[in-house]
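Me: Hi! I have a structure open in front of me and would like to learn how to read it. Could you take me through it step by step?

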Amino acid sequence: MDMPSSFSLFRRTKALETEIDQFLDKISQASLLFKRAIQIYTESGCTEEFDEKLHQVNQLESTADHLRRAIETQLYTQTLIPESRGDVLGLLENLDSVINDLEGALWGFSIEIPVIPEDYRADYVALTDMVVQAVESLVLASRAFFRNIEAVPDHNHKVMFYEKEADRVSTKLKKAIFRSDLPLSQKAQLRNFVEHIDNVADKSEDVADRLAIYTIKRTV
Amino acid sequence: MEITILFFLTSGLFLGWALGANDAANVFGTAVGTRMVQFTTAAMICGVFVILGAVFSGAGTTETLGKLGSVNALGGSFMAAFSAALAVYMMTKLGLPVSTTQSIVGSIIGWNLFSQTQTDTTSLLKILATWVVSPILAAIIAIVLFKLVAVFLRHAKIHLLRTDAYTRAGLLLAGAFGSYSLGANNIANVVGVFIPASPFTDFHFTDLLTFTSTQQLMLLGGFAIAVGVFTYSKRVMLTVGGGLLSLSPIAAWVVVTSHSIVLFLFASKGLEHFLATNGLPTIPLVPVSSSQAVVGAIIGIGILKGGRGIRWRVLGGIGAGWVMTPLLAGLICFVGLFFLQNVFDQKVYRPVPYELSEPAIERMEKLGVAVGNFRDLHSRRFETAIAIRDALKERTGLSDEDLVTILDAAELDLMVVDATGIDSLEKSRLTDGQVQALRSLAGERYPHRWMLADALARISEEWRPREKNKINKIYNVDLKARLAVVFRTFRADQ
């Protein structure tokens, strides 16, 4: 659509809106791929399909990084949203660290190739499911922050809920691991992987907490 | 002569500069204070629109003299403009938004006291009313507007970035309009007095396009205001935009828009005329001022948010500044006039004598004044307004209004209708019929100026004021402005 140059302000705004949406899409996609990757790993180990998922998450992470930098640069060079600029910056960087954690956990599997006994596989998948739900809710809450501030709490409380659920599953899983007859080294390794996954939910909760404050700031 | 006028003009330009430095904050203060618009962008837009407003709308009544027009000698106008500017400059240095108009009224009162001219008490009451009425009206409108905007935003669900872009555009638009009317409304005060003595000549670009000497003078005045905006307005902008209360960008827009709404609804003669001619109820015109309205709107937002964020010390300072401005201007003017007259030997006022002459008494009687009360004073002459007022003070049965009527009728202001004067008026905004009427009076002399007005009204319909009502208000004010030009042209004692 051709617009006169006097509307360039609005055109730039539209482009930036799209970039923010794309950034949030990347995080959501990365979490869904993460879920698939863990499923694949628990079912068939470190297969080619798993590596492919890891590769996809890896690419999403670097695209998200590029997008984040571009958004931040534009916000500052065009002195947009002076009041919420710092908050938006904080939000984007924290969301970026969520995707980093997802990627880090998958790299862990790829490098250490832990052997997960049959008994625990279902719990690993259940834990992953909770974590991914938390990330998904966080992405929705973040979208609402930009488009419909009043809806932020509706999504935020779900992040808290899934984080609690993830904690519950991870505690149960860790207890089961350490009460088993496995060698201590394997117990420690399995515990590390539980924590790798659970960390993502914790990080999501931290971001949600900040988001709640940013929301209060904007509605006062 | 030219050099003197140019010298006197400098005080008008100083006033323009002070006006720009202080009043730009009313239209762009909140935008700059919330960092939504950069200072240089704001100053650029403000400067351009002030100049446009001054040149194109300031000439609405080209004959307009502004408030300083009541000062009857150029030396006096110089000092009045200078002291008003100095008072505003001092307030600007303190970062306080004040009203330039009130500063001018203050300095005119100083001149009145010095020249022993009667001061119109209503102008004083008007200032007092402005301090209370403007902020209250603006606060109410700001609260209502903010609530409406909040409801709208809740339902519209606009993206944060888009809200930001719209707010920014809204602030720029409101600022540009505000700057335009700032230039249009205030240019008369800056250079109005100098229009009759303009050192410029008309430029003709083609047969169609003429750049009159008045417009050139207004352009110069507009530049003075723009320079004030660029060089010195940031401080007051920051007080308005954040010193008094930390504002969100949307609140910033609400503030500047409410201030414009207040000025439009309660001070616009054009709106009153429009409503009256369409048979709609009119909104009573009340004395409102831009600076007071902006501060009121900010306080309104502050109250809406529970009042915790308002910095009362800053507000107290601003209030003190409002009171100080006219007082300071009056004082500086009075002292300045003393020096200008006694040390620099300049004429700072033309003495206005009064005589209870036969025609004057007749006029008073016609206007309902009980002239029997001062029959012994008939045909006596008084050298100043104060003298005649004192002589009449003890008489019973004379109201304040009667006193105004008597002073008006008795003022001696010799009018000599001469051909050169009529020729010079041909180029002004007078109609052919009006000039015709003047021609038929060529050679006549009138001791009181109202006698010339009466004579003109007898000859021509076009010089007759219409019945007093809201519809005819603008017509009558315009007629008065034209008469003022005629009086200035034919005044014998220049």
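Me: Let's begin where the two chains meet. How many salt bridges are there between chain A and chain B?

Reply: Happy to help! Keep in mind that this is a predicted model. Between chain A and chain B the count is two salt bridges. One to look up is the pair Glu150(A) and Arg154(B), whose closest N and O atoms are 3.2 Å apart. That pair qualifies because a salt bridge needs a side-chain nitrogen of Lys or Arg within 4 Å of a carboxyl oxygen of Asp or Glu.

Me: Which helices of chain A each supply at least two residues of the side that touches chain B?

Reply: Look for helix H1, residues 8-44, and helix H4, residues 118-147. H1(A) gives the largest share of that side, with seven residues. Sorted by class, the side of chain A that touches chain B holds twelve nonpolar, five polar and six charged residues.

Me: How is the size of an interface often given?

Reply: People often quote the accessible area that is lost when the parts come together. For chain A and chain B, the buried area is about 1800 Å², and carbon and sulfur atoms give 64% of it. You can also count residues: 23 of chain A are in contact with 19 of chain B. As for polar contacts, five residue pairs between the two chains are counted, with both partners at pLDDT 80 or more.

Me: Now chain A by itself. What does its secondary structure come to?

Reply: Chain A has six helices and zero strands. Following the sequence, you read the pattern α-α-α-α-α-α. Its C-alpha atoms fill a box of roughly 70 × 40 × 25 Å along the principal axes. Of its 220 residues, 50% count as buried. Then take the contacts in chain A with a separation of 6 or more: 80% of them come from residues 24 or more positions apart.

Me: I'd like to look at backbone angles too. What is the phi of Ile81(A)?

Reply: Ile81(A) has a positive phi of about 25°, although it is not a glycine. You will find Ile81(A) in the loop between helix H2 (48-77) and helix H3 (85-112) of chain A. Ile113(A) also has a positive phi, near 40°, and is a residue other than glycine. Ile113(A) lies in the loop between H3 and H4 of chain A.

Me: Is Ile81(A) buried or exposed?

Reply: Ile81(A) counts as buried because its relative accessibility is 4%, and the cut-off for buried is under 20%. Ile113(A), with a relative accessible area of 46%, is partly exposed.

Me: Let's move to chain B. How is chain B divided into domains?

Reply: Domain 1 is made of three stretches, 2-123, 158-241 and 310-342, while domain 2 covers 354-410 and domain 3 covers 415-490. To place two of them, use their C-alpha centres: those of domain 1 and domain 3 of chain B lie 30 Å apart.

Me: Could we finish with a single residue? Where is the place of Ser77(B)?

Reply: Ser77(B) sits in helix H3 of chain B, residues 74-93. Ser77(B) counts as buried because its relative accessibility is 1%. Leaving out residues up to four places away in sequence, Ser77(B) touches Ser11(B), Leu68(B), Val71(B) and Val193(B). Try showing these neighbours on your screen!

Note on methods. Residues numbered from 1 in each chain as written. Chains lettered and ligands numbered in written order. Heavy atoms only, no water. Contact = heavy atoms within 4.5 Å. Buried area = accessible area lost by both parts, 1.4 Å probe. Polar contact = N/O pair within 3.5 Å; in protein donor to acceptor, adjacent residues only side chain to side chain. Helix = DSSP H or I, 4+ residues; strand = E, 2+ residues; numbered from the N terminus. Nonpolar A, V, L, I, M, F, W, Y, C, P; charged D, E, K, R; others polar. Domains from an automatic or database assignment. Buried < 20%, exposed > 50% of the residue type's maximum accessible area, 1.4 Å probe, protein only.
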